[in-house]
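User: Please take a close look at the pockets of this model, starting with the second largest one. What lines them, and which elements supply the residues?

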Amino acid sequence: MNGPSQSPPVAGRYAVARRRALRVVAIFEATKGLAALIAIVGLLKLVHRDVRQLAIDLIGHFGLQPQGHYPSLLLHYAALLPGANLHALVMLAIAYVILRLAEAYGLWNDWSWAEWLGALSGCLYIPLEVHHLLREPSVISGAVLAANVLVVGLLMSQLWLRRGR
């Protein structure tokens, strides 16, 4: 028996650690969903504005050189935005938000369908992240890939453990 001063058995501690890890992943997924929602709202606020001029003003405000890598990317995408199919873009983004928030809710409540959803959707990103890391190696690209592999590994191990229950 466990008395008040004794620690829980190893299996119990392992279950608690797995639950905490799932909750961390749930918070991470919810954060991604909320960030996408904020991006949608920001994009919709730019619909009737001169986005290219806003980008130029922003670059000037921070004293950046328009020929620099990130300022030129900003100008490139600012030029593309007016011609984009905004309706389709917003619908895809809303679907992404719903997917991430549903996954977060399911992971928080320890439901297996959310583990499947997270593992499968995370696996879709890994080849793209590897390709990006090989094309443009950086610490950030490596960290994103490592975090995604860690999350997918955690979710797959959780699914594997569920098989034995």
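**The pockets and their linings**

Analyst: Three nonpolar, four polar and one charged residues make up the lining of the second largest pocket (Ala, Val, Leu, Ile, Met, Phe, Trp, Tyr, Cys and Pro count as nonpolar, Asp, Glu, Lys and Arg as charged, the others, Gly among them, as polar). The model is predicted, with local features needing pLDDT of at least 70 and side-chain atom pairs pLDDT 80 or more, while totals for chains, interfaces and linings use all residues. Numbering runs from 1 along each chain as its sequence is written, and side-chain values use heavy atoms, without hydrogens and water.

The second largest pocket (an open set of 1 Å grid points where a 1.4 Å probe fits, with protein on both sides within 12 Å along at least five of seven lines; lining atoms lie within 4 Å of a point) has a volume of about 170 Å³. Its lining consists of His-69, Tyr-70, His-132, Glu-136, Pro-137, Ser-138, Ile-140 and Ser-141. Helix H3 (69-80) and H6 are the elements giving two or more residues to that lining (helices are DSSP runs of H or I, at least four residues, numbered from the N terminus).

The largest pocket holds about 200 Å³ of space. It is lined by 14 residues, of which Phe-28, Glu-29, Lys-32, Glu-129 and Asn-148 are the closest to its centre. At least two lining residues come from each of helix H1 (10-45), helix H4 (86-108), helix H5 (112-135) and helix H6 (139-163). With five residues, H5 gives the most to the lining of the largest pocket. By class, this lining has five nonpolar, four polar and five charged residues.

Methods: Grid points are joined across faces, edges and corners, and a volume is the space filled by probe spheres set on the points.
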